[in-house]
Amino acid sequence: MTDRIIPITDARRAKPLPQSTAPAARVPDSALSDARGRRLHDLRISVTDRCNFRCTYCMPKEVFDKDYAYLPHAALLSFEEITRIARVFADQGVQKIRLTGGEPLLRKNIEKLIEMLAAIPGIDLTLTTNGSLLAKKARSLKSAGLNRVTVSLDAIDDATFKAMNDADYPVADVLEGIAAAAEAGFSPIKVNMVVKRGANEHAILPMARHFKGSGHILRFIEFMDVGASNGWRMDDVIPSAEVVAMINAEAPLVVADPNYSGEVAERWRYADGTGEIGVISSVTQAFCSTCTRLRLSTEGMVYTCLFATDGYDLRSMLRGDADDAALKDAISRIWRARSDRYSEIRTADTVRDSKIEMSYIGG
């Protein structure tokens with residue numbers, strides 16, 4: 001095994017691969033399943049731990065300041081390493097890959113990586129971005145083979161949005177990016193709004209009004225206790241049911257069926273046929289029982305849950321003498337041993353100071 005670069009925080013520690021290869025709970029078609037019978041379907045890949053925003057719920061400025069030590073370039077997985085491991089994941093049943101960060105569009109030549117991943121048969125390739133660089137890159141991302149894009153936007157008015165991103169980026173930059181993405185052929189575009197009580201709940205209806213009839217899908221995300229830096233409190237959570245009721249009172253909604261098993265967003269259509277919204281309720285309506293996702297960090301650690309405290313080191317295998325069969329076996333063992341259900345057992349007392357930051361493993 002090659003020498004490992006030491007992670008820059010104690011939280012980014014590796015744990016040994018599970019030893020047992022005993023069959024997990026039975027699922028249809030003998031698919032790779034975990035200890036709770038959940039099938040492996042999605043892989044989220046963080047391509048950078050850097051971001052140009054300082055959103056208070058993800059990378060608060062008081063923690064991620066000018067002295068914060070980001071990962072050195074040598075620690076990051078190369079595009080070739082990411083593509084190799086993605087192919088192995090695809091062989092194990094992964095059908096959807098989402099590129100995240102940090103802000104993934106900050107990764108130099110990201111279009112090249114997209115080209116490489118798009119060549120993997122049967123993969124739905126998506127990307128989540130804060131939208132600030134999207135106007136410049138939308139066409140090249142589409143040309144490279146990206147299938148879909150999701151944009152984060154927490155308010156439609158500048159004052160609230162700037163308070164949320166804490167980096168003085170205006171709403172106009174993000175709206176320009178969304179427009180450019182639509183012009184490049186991305187459709188539908190999903191727009192994610194994290195809702196935090198006392199911060200931006202007054203922006204819920206203005207956001208709904210703005211995107212209603214636009215062809216884009218606005219999704220409201222409950223404020224979650226991701227990482228250890230965002231000062232999460234249960235009192236700051238606005239339940240999705242409250243959001244739906246607020247919008248329904250102005251523009252009637254009807255429930256819509258999920259697009260696929262394990263979809264995290266609950267879908268609602270406008271009764272007048274002018275589009276839909278979604279709500280992601282991991283705090284008040286946990287969906288652990290249908291979670292199909294693994295996460296690959298910027299430096300090659302695999303995490304089985306967004307709220308994990310540690311992960312499994314695949315980079316040392318990629319940079320050592322492990323062949324694809326060994327990687328496949330490692331992934332199989334990780335998934336089959338998986339039993340995470342953090343959101344099902346979450347209480348105010350479960351908040352831990354060692355959870356991995358969302359900017360490190362993506363949302």
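Of the 363 residues of the protein, 56% count as buried, a term that denotes under 20% relative accessible area, with exposed meaning over 50% and partly exposed in between (1.4 Å probe, protein chains only). The model is predicted, and local features need pLDDT of at least 70, side-chain atom pairs count only at pLDDT 80 or more, and totals for chains, interfaces and linings use all residues. Residues are numbered from 1 along each chain as its sequence is written, and side-chain values use heavy atoms, with hydrogens and water left out.

The secondary structure comprises 11 helices and 12 strands; these are DSSP runs numbered from the N terminus, helices being H or I runs of at least four residues and strands E runs of at least two. Among contacts (heavy atoms within 4.5 Å) with a separation of 6 or more, 74% are between residues 24 or more positions apart. An area of about 15,200 Å² is exposed by the protein, and carbon and sulfur atoms supply 51% of it; the areas were computed by the Shrake-Rupley method with a 1.4 Å probe, and for residues only the protein chains shown count as cover.

Arg319 is situated in the loop between helix 8 (315-318) and helix 9 (324-337). Because its relative accessible area is 30%, Arg319 is classed as partly exposed. Glu81 lies 238 residues away from Arg319 along the chain, yet the C-alpha atoms of the two are separated by 8.5 Å. Their side chains are joined by a polar contact of 2.8 Å, that is, a pair of N or O atoms within 3.5 Å; within protein, one must be able to donate a hydrogen and the other to accept it, and residues adjacent in sequence count only if both atoms are side-chain atoms. The side chain of Arg319 also reaches the backbone oxygen of Leu76, at 2.9 Å.

A second loop, between strand 1 (42-46) and helix 1 (79-91), contains Asp49. Asp49 counts as buried because its relative accessibility is 3%. A polar atom of the Asp49 side chain lies 3.0 Å from the backbone nitrogen of Leu71.

Arg148 belongs to strand 4 (residues 148-152). With a relative accessibility of 19%, Arg148 is therefore counted as buried. Leaving aside residues up to four places away in sequence, Arg148 touches Lys96, Arg98, Asp124, Leu125, Thr126, Leu127, Phe186 and Lys190.
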